[in-house]
Amino acid sequence: MQALTDFISKTGFMLLLEDWRCIVMILLACFLLYLAIVKKFEPMLLVPIAFGMLLANFPGAGLADGPSESNNFVGGLFHYLNYGVEYGIYPTLIFLGVGAMTDFGPLIANPKSLFLGAAAQFGIFVAFFLALLLGFDANEAASIGIIGGADGPTTIFATTRLAPHLISTVTIAAYSYMALVPFIQPPIMKALTTKKERSIVMAQLRPVSRQERVIFPIVVTIFTILLLPSAAPLIGMLMFGNLLRECGVVDRLSKTAQNDLINIVTILLGLCVGAKAQADVFLTIDTLLVFGLGILAFSFGSAGGVLLAKFMNLFIKDESKKLNPLIGSAGVSAVPMAARVSQVVGQEANPGNFLLMHAMGPNVAGVIGSAIAAGVFLSVFGG
């Protein structure tokens with residue numbers, strides 16, 4: 001009878017009664033799974049993140065525990081898998097895959113897009129300064145600000161080096177807002193533009209030669225890393241992946257980076273990030289503040305790109321060369337969803353408007369811009 005009593009006292013059901021926060025986290029994980037599976041909000045990463053969160057919050061399972069006397073100095077599964085997050089391996093490998101899937105042609109054809117991608121990083125610095133005012137230290141504020149870039153791997157990479165205790169909160173916030181792009185951006189875009197501006201039809205982009213496509217990642221790598229060495233892991237892997245795509249002589253490597261590699265790393269990264277969302281770390285006032293600052297960062301980033309496009313139009317006298325300001329909001333780097341939102345809102349104003357390829361320029365520029373912004377923070381605060 002005593003053995004039965006001891007067994008019952010050690011089951012997860014009994015341990016749940018000792019800490020209500022675990023129940024909350026399990027319910028939150030189930031809600032995120034619902035959003036990913038039923039509502040299809042960023043399912044590729046939200047499913048593993050939510051399931052990792054679920055696994056890490058079962059009391060007594062110890063999947064996220066490090067080696068200790070209580071477990072005979074053998075850590076849990078996630079303790080070892082998490083080395084890929086801590087050392088920046090998973091985010092940079094994902095950037096390799098992203099580079100292999102990215103077509104920089106629209107950016108090369110319209111270099112002005114680079115400025116729109118840069119302007120969309122405005123939200124990063126707004127959130128950074130607001131976080132400082134709310135009492136976060138500089139490293140934490142920088143990690144929170146990066147949410148505004150709407151780039152999950154960049155957010156993870158920067159946060160693991162600046163404020164690793166915020167990794168789960170910041171990452172879930174970043175991917176949540178990326179999934180909500182079709183709901184967050186249109187009201188901002190419409191509030192900052194007139195129907196006439198949204199109806200602007202842009203001329204077709206010029207064809208981009210293979211030579212330009214091959215030279216682009218090499219030049220960007222050399223210039224960016226010499227300017228900002230701390231951005232080397234992200235920019236280097238992004239451009240290497242793109243070179244695999246564009247050089248035309250390593251199709252097997254390019255296909256592996258685009259498919260098998262990025263899929264495997266996405267699973268591992270999502271599970272590890274979710275496992276960091278343990279009840280005692282996640283359920284705090286700071287978590288609510290991070291989510292609030294994250295939406296501000298994302299909103300100001302979207303607004304920054306739109307406003308710069310409007311400003312640039314003041315100096316373009318040829319009506320046929322004016323920019324549709326809607327493409328500026330795509331600079332937040334949520335590829336390709338933000339570009340699709342620009343297309344949808346543009347067609348609402350003018351059914352004959354086709355902005356997708358034009359919006360892809362700022363969109364891919366935003367990927368580079370968010371990596372550079374992370375590099376700036378790492379250079380200043382990373383030690």
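# A guided tour of a helical model

Glutamate 348 makes a convenient starting selection, located in helix H21, which covers residues 337–349. The model on screen is a predicted one. With the side chain of glutamate 348 displayed, colour by accessibility: its relative accessible area is 51%, and because the threshold for an exposed residue is over 50%, glutamate 348 counts as exposed. Next, add lysine 195 to the selection and draw a distance between the two C-alpha atoms. The separation is 9.4 Å, although these positions lie 153 residues apart in terms of chain numbering.

**The whole chain**

Zoom out and switch to a cartoon representation. The protein contains 22 helices and zero strands. Its radius of gyration is 22 Å, close to the 21 Å that the globule rule gives for 383 residues, so the protein is as compact as a globular protein of that length. Orient the view along the principal axes, and the C-alpha trace spans about 90 × 45 × 40 Å.

A surface representation is useful at this point. The protein exposes about 17,400 Å², and 70% of that area is supplied by carbon and sulfur atoms. Within the chain, 52% of the 383 residues count as buried. If a contact map is available alongside the viewer, consider the contacts with a separation of 6 or more: residues 24 or more positions apart account for 76% of them. For the charges, select the 22 positive and 21 negative side chains; the centres of the two sets lie 15 Å apart.

**Helix H13: threonine 171**

Return to residue level and select threonine 171, which belongs to helix H13 (residues 167–179). Is this residue buried or exposed? Its relative accessible area is 0%, so threonine 171 is buried. Show its side chain together with the backbone of isoleucine 167: the threonine side chain reaches the backbone oxygen of isoleucine 167 at 2.6 Å. Then expand the selection to its contacts. Leaving aside residues up to four places away in sequence, threonine 171 touches Ile49, Ile156 and Val273.

**Helix H17: phenylalanine 240**

Keep isoleucine 167 selected and add phenylalanine 240, a residue of helix H17 (residues 232–247). The two C-alpha atoms are 26 Å apart, with a sequence separation of 73 residues. Phenylalanine 240 has a relative accessibility of 38% and therefore counts as partly exposed.

**The loop before helix H16: serine 209**

Move to serine 209, in the loop that links helix H15 (195–198) to helix H16 (210–227). Serine 209 is partly exposed, at a relative accessible area of 31%. Which distance separates serine 209 from alanine 109 in space? From C-alpha to C-alpha it is 9.6 Å, while the two residues are 100 residues apart in sequence.

**Helix H22: histidine 358**

Select histidine 358 in helix H22, which comprises residues 356–381. Its relative accessibility is 7%, so histidine 358 counts as buried. Display the surrounding side chains as sticks: beyond residues up to four places away in sequence, histidine 358 touches Ser113, Met202, Ala203, Gln204, Leu205 and Ile327.

**The loop before helix H21: alanine 330**

The final selection is alanine 330, found in the loop between helix H20 (285–313) and H21. At 0% relative accessibility, alanine 330 is classed as buried, because buried means under 20%. What does alanine 330 touch, not counting residues up to four places away in sequence? The contacts are Ala338, Ala339, Ser342, Ala359, Pro362 and Asn363. As a last distance, add serine 254: it is 76 residues from alanine 330 in sequence and 26 Å away in space, C-alpha to C-alpha. Glutamate 348, where the tour began, lies in H21, the helix that follows the loop of alanine 330.

How values were computed. Residues are numbered from 1 along each chain as its sequence is written. This is a predicted model: local features need pLDDT of at least 70, side-chain atom pairs count only at pLDDT 80 or more; totals for chains, interfaces and linings use all residues. Side-chain values use heavy atoms; hydrogens and water are left out. Helices (H or I, at least four residues) and strands (E, at least two) are DSSP runs, numbered from the N terminus. Buried means under 20% relative accessible area, exposed over 50%, partly exposed in between (1.4 Å probe, protein chains only). A polar contact is a pair of N or O atoms within 3.5 Å; within protein, one must be able to donate a hydrogen and the other to accept it, and residues adjacent in sequence count only if both atoms are side-chain atoms. Contact means heavy atoms within 4.5 Å. The radius of gyration is taken over C-alpha atoms; the globule rule is 2.2 Å times the number of residues to the power 0.38. Accessible areas come from the Shrake-Rupley method with a 1.4 Å probe; for residues, only the protein chains shown count as cover. Lys and Arg count as positive and Asp and Glu as negative; His and the chain ends are not counted. The place of a charge is taken as NZ of Lys, CZ of Arg, CG of Asp or CD of Glu.
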